[in-house]
Amino acid sequence: MELPKVASLGEYIRQQRQQAKISLRQLAAQAGVSNPYLSQVERGLRKPSAEILNQIAKGLHISAQALYVQAGLIEDREPHSDVLAAIRADVTLTGRQRQVLIDIYESFRKENRADTAQPPQSAEHLGDDPVLPRDGITPDSKEG
């Protein structure tokens, strides 16, 4: 998972907050922390606990994992994904929209990883099913 390049966790939180168009006061209320504390976190004067990071992530509608990686609490072990980087870098999307796209994309990746872990199906089950048009009439059954 590629995260935008920022100098610090606080800068990353501020960037996410600004992209989500949430005031410092609103995020503090949503995260259950004081305005001065959140301001100090954004300025790099305080290092929040994992629990506080989780609350901030919920308030921003972003992945807590992204904040944990930025804070250095966990390592970023996912392979590089241009798709994730593009979604995160798109400033025209709201924080919530970015998170929904990321969740959908990650669910597809997880599903595909699970599929590759299972033994392959026989060739007769791999895409040989006809796709019916919406009207339910196949080319062979049309009258004419």
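Accessible areas here come from the Shrake-Rupley method with a 1.4 Å probe. By that method, the accessible surface of the protein chain comes to about 9700 Å². Carbon and sulfur atoms hold 52% of that surface. The model is predicted.

**Overall build**

The protein chain has 7 helices and 0 strands. In sequence order the pattern reads α-α-α-α-α-α-α. The chain has 144 residues, and 32% of them are buried. Among contacts with a separation of 6 or more, 54% join residues 24 or more positions apart.

**The nonpolar core**

The largest nonpolar core has 23 residues. Which of them touch the most other members? They are Ile13, Leu27, Val33, Leu53, Ile56, Leu60 and Leu67. Five helices each supply at least two residues of this core: α1 (9-19), α2 (24-31), α3 (35-42), α4 (50-60) and α5 (64-71).

Leucine 60 deserves a separate look. With neighbours within four places in sequence set aside, leucine 60 is in contact with Ile13, Gln16, Arg17, Ile22, Leu27 and Gly95. Ile13 and Leu27 also appear with leucine 60 in the list of core residues that touch the most other members.

**Salt bridges**

The structure holds 3 salt bridges. The table gives each pair with its N to O distance.

| Side chains | Distance (N to O) |
|---|---|
| Arginine 14 and glutamate 42 | 3.6 Å |
| Glutamate 42 and arginine 17 | 2.6 Å |
| Arginine 109 and glutamate 106 | 3.5 Å |

Salt bridges with shared partners join Arg14, Arg17 and Glu42 into one network. Glutamate 42 takes part in the bridge to arginine 14 and in the bridge to arginine 17.

Take the arginine 14 bridge to glutamate 42. Arginine 14 is in helix α1 and glutamate 42 is in helix α3, 28 residues apart, so the pair links distant parts of the chain. Arginine 14 is partly exposed, with a relative accessible area of 26%. Glutamate 42 is buried, at 6%.

Now the arginine 17 bridge to glutamate 42. Glutamate 42 lies in helix α3 and arginine 17 in helix α1, so this pair ties together parts that are 25 residues apart in sequence. Both residues are buried. Arginine 17 is also one of the contacts of leucine 60.

The bridge between arginine 109 and glutamate 106 is set within one helix. The two residues are 3 apart in helix α7, which means a separation of about one helical turn. Arginine 109 and glutamate 106 are both buried.

**Helix α7: glutamine 99 and a surface patch**

Helix α7 covers residues 95-117, and glutamine 99 sits in it. Is glutamine 99 buried or exposed? Its relative accessible area is 9%, under the 20% cut-off, so glutamine 99 counts as buried. The side chain of glutamine 99 makes a polar contact of 2.6 Å with that of aspartate 103. Beyond its neighbours within four places in sequence, glutamine 99 is in contact with His61, Ile62 and Ser63.

Phenylalanine 108 is also in helix α7. Together with Val100 and Ile104, Phe108 makes a nonpolar surface patch of about 260 Å².

**Helix α6: alanine 86**

Alanine 86 lies in helix α6 (residues 82-89). Alanine 86 is partly exposed, with a relative accessible area of 47%. Its C-alpha atom is 9.8 Å from that of arginine 98, which is 12 residues away along the chain.

**Two loop residues with positive phi**

Most residues other than glycine have a negative phi. Which way does phi point, positive or negative, at lysine 21? Lysine 21 has a positive phi of about 60° and is not a glycine. Lysine 21 is in the loop between α1 and α2. With a relative accessible area of 71%, lysine 21 is exposed.

Histidine 61 also has a positive phi of about 60° and is not a glycine. Histidine 61 is found in the loop between α4 and α5. At 38% relative accessibility, histidine 61 is partly exposed. Histidine 61 is also one of the contacts of the buried glutamine 99.

Conventions. Residues numbered from 1 in each chain as written. Predicted model: local features only at pLDDT ≥ 70, side-chain atom pairs only at ≥ 80, totals over all residues. Heavy atoms only, no water. Core = buried A, V, L, I, M, F, W, Y, C linked by side-chain atoms within 4.5 Å. Buried < 20%, exposed > 50% of the residue type's maximum accessible area, 1.4 Å probe, protein only. Helix = DSSP H or I, 4+ residues; strand = E, 2+ residues; numbered from the N terminus. Contact = heavy atoms within 4.5 Å. Polar contact = N/O pair within 3.5 Å; in protein donor to acceptor, adjacent residues only side chain to side chain. Patch = residues over 30% accessible without salt bridge, like charges linked within 9 Å, V, L, I, M, F, W, Y side chains within 5 Å. Salt bridge = Lys/Arg side-chain N within 4 Å of Asp/Glu carboxyl O.
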